[in-house]
Amino acid sequence: MVERDGDGRPWVDLLLRKSQVVRGSAGRDILSLRAQEVRGRGWAERSGHRVRRVWRENLSAYKAGVKRPEFEAAVGALLEGETDCLWVYDSSRYSRKGAGDVLRVLDSPGKRLVFDIDRLDTEVPADRARIIGKAEEAREYSRVLSEKVADAKAVARDEGKWLGTVPDGLKVTRKRKLKAGKRWPVIERIHAEAAQGRSQREITLGLTADGLTAARGGPWRVSTVGKVLRNPVYLGWQTVSVKGAPQVYVNGRGKRVRVFAKGFEGIPREVWDRHRRIAAGVGRPEGFGAKHDEYAQPQRHPVAGLTWCEGGGFGRGSGHRANSVSHSFKCANEIAGIPCPAPAYVQQAGVLREVLRQWQARLGAGDPMDPVMLAVAERWVELQQPEESRAEAEARGQVKIAQEAVERLDRLNAAGAYPGRDGEEAFLRLRRAAVGDVESAREEWAKVARPLGDISVLTDVRRREELWERSDDTYRGALLRLAIDRVYLRKAEYSGQRITADRVRVVWTEPRGREKPTRPGRE
């Protein structure tokens, strides 16, 4: 039951909506929310109503997946009897999803809905059919407009025009082409350092140390550097977003589309290919695999480069680095002045002691079905015979790259990048070719694939201890990396807490390019 005002006048709610302001918005969205409110209050005074509440929206009423909490609350207040009437400027301001949204009110006796500019009122029986018709007209108008906008974007995309937010380091020309902006040297530096084998964390720290900020003015983060390194727009290709990640756009003829302005080349292809292969684990930075005593290299702590702070989250792909500081490992975010909920600060000697204990226990377990031991055997060959294993690694890398090409085509197809019959034919043709590349790459890999290395020197306790004792710190670090990918460090719970397995958690490596062995009796 509606509680009346002191003068007994019925209540009315005003529903105001204006589509988001975008380039090329429809001309029907010209009336502001303030102008709608003034008109609604005027209607209330003339009809003897009192305004109870004003509901305001500034979003699309047609796009799929758009939530309209104000709209739902306004309709709910009417249906639940909190107000006597709901006033809307016109039927297109109410909803563009069709008759379904107005039938909720029409099928509820005594619920009044007024479309002012259309002069429609649910209290007038003859208006029912017109209200339903208007709702369907608004829906069809939005559908056609949406298709026209989509078609216009597709044409512009095929012409190599950039439509979205301009990527960092680039700027857009009047013809919607991309070329180098003021920050382009920073983008070149990131790609060049990655091609030299520097990790994303090292690149990030270097940019921060040199006083270079990210696109929005804040400090560089590892995730931001990673996005720069993975965005194919820096090669000059038109892209589309697939699950939030940029992918190379392919037109209906199965061709990539250039988006760079004439005369601008972007990141060289050889630089891009090199750092992507390093990131995929199938390429090596310069100097990788050299014998530890061939060059006079500075010694580093065996665990340095493996350590991560658990304060930022645990697991592969999470957390943040813990860097060497004097005789300890310290949370990199804490060093950079970035807040960390539980920054680790652990002595190096204790970390090495605990990591070495876990490493020796894993190698000494002697489990032939342990996937870690399979990975150790692979890496042992690379460490001892880098030149001999290079051809096998390159061939394995080609298999991985070919498989990723198939997966990328499937993602693009799922995202609607191949519409219509022509698009479907182009997709099938490209996928058949990509699958053929996978088979060819596997055949090439089979020609050079070699048996795993003999790791008895690592599994035998006496020989392993002798190898460790006669090695320097650099080579000891290489030995630990045969089985270890990361070492997570946890902040001490109290002063003087011992460094045990509770504070040092090892993430073991996995085989590369091979299926994991299955234990008998397990699927």
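The chat below walks through two sheets, several helices and a few single residues of a predicted model.

Biologist: Before we start, what kind of model is this, and how are residues numbered?
Modeller: It is a predicted model, in which local features need pLDDT of at least 70 and side-chain atom pairs count only at pLDDT 80 or more, while totals for chains, interfaces and linings use all residues. Residues are numbered from 1 along each chain as its sequence is written, and side-chain values use heavy atoms, with hydrogens and water left out.

Biologist: OK, the sheet of five strands: what is its order?
Modeller: The order is β2-β1-β3-β4-β5, in an open sheet with mixed pairing; strands (E, at least two residues) and helices (H or I, at least four) are DSSP runs numbered from the N terminus, and two strands pair if DSSP finds at least two bridges between them. β2 (50–57) and β5 (120–121) each have a single partner strand, so one side of each is left without a neighbour in the sheet.

Biologist: And β1 with β3, parallel or antiparallel?
Modeller: Strand β1 (residues 11–17) and strand β3 (residues 85–88) pair in the parallel sense over four bridges, and leucine 14 stands opposite tryptophan 87 in β3.

Biologist: Which helices lie on those strands?
Modeller: Helix α1 (residues 33–47) lies across β1, β2, β3 and β4 (112–115) and runs at about 160 degrees to β1, where axes are lines fitted to C-alpha atoms, for helices over the stretch in contact, and angles run from 0 to 180 degrees between N-to-C directions. Helix α2 (residues 69–79) also packs on the sheet, touching β1, β2, β3 and β4, with its direction at about 155 degrees to that of β2.

Biologist: Switching topic, how do α6 and α8 cross?
Modeller: The axes of helix α6 (residues 184–195) and α8 come within 10 Å and cross at roughly 85 degrees. That makes α6 roughly perpendicular to α8, a label used for angles of 65 to 115 degrees. The contact (heavy atoms within 4.5 Å) is made by Ile187, Ile190, His191 and Ala194 of α6 and by Val225, Val228 and Leu229 of α8.

Biologist: What comes after α8, around asparagine 231?
Modeller: Asparagine 231 lies in the loop between α8 (222–230) and β8 (239–242), and this residue is buried, with a relative accessible area of 13%; buried means under 20%, exposed over 50% and partly exposed in between, with a 1.4 Å probe and protein chains only. Leaving aside neighbours within four places in sequence, asparagine 231 is in contact with Thr239, Pro246 and Trp272.

Biologist: How many bridges join β8 to β9?
Modeller: Four bridges join β8 to strand β9 (residues 245–248), and the two run antiparallel. Serine 241 has proline 246 in β9 as its bridge partner, and in the hairpin, with two residues between the strands, lysine 243 takes a positive phi near 55 degrees.

Biologist: Now the sheet of six strands, which are the edge strands?
Modeller: The order of this open sheet is β13-β12-β11-β10-β14-β15, with mixed pairing, and its edge strands are β13 (345–347) and β15 (504–508), each pairing on one side only. Neighbouring strands are turned by 35 degrees against each other on average, direction ignored.

Biologist: Where is leucine 489, and is it buried or exposed?
Modeller: Leucine 489 is in strand β14 and counts as buried, at 0% relative accessibility. Leucine 489 and alanine 322 are 167 residues apart in sequence and 7.9 Å apart in space, C-alpha to C-alpha. Not counting neighbours within four places in sequence, the contacts of leucine 489 include Trp308, Ala322, Phe329, Val346 and Val504.

Biologist: Last one, α16: which residues are buried there?
Modeller: In helix α16 (residues 461–470), Arg464, Leu467 and Trp468 are buried. They cover an arc of only 100 degrees around the axis, which puts them on the same side of α16; the arc is that of the directions from the helix axis to the C-beta atoms. On the other side of α16, Arg462, Glu469 and Arg470 are exposed.

Biologist: And what does arginine 476 touch?
Modeller: Arginine 476, in helix α17 (residues 473–480), touches Pro302, Trp468, Glu469 and Ser471, not counting residues up to four places away in sequence, and arginine 476 is buried, with a relative accessible area of 17%.

Technical notes. Angles under 35 degrees count as roughly parallel, over 145 as roughly antiparallel, 65 to 115 as roughly perpendicular and the rest as oblique.
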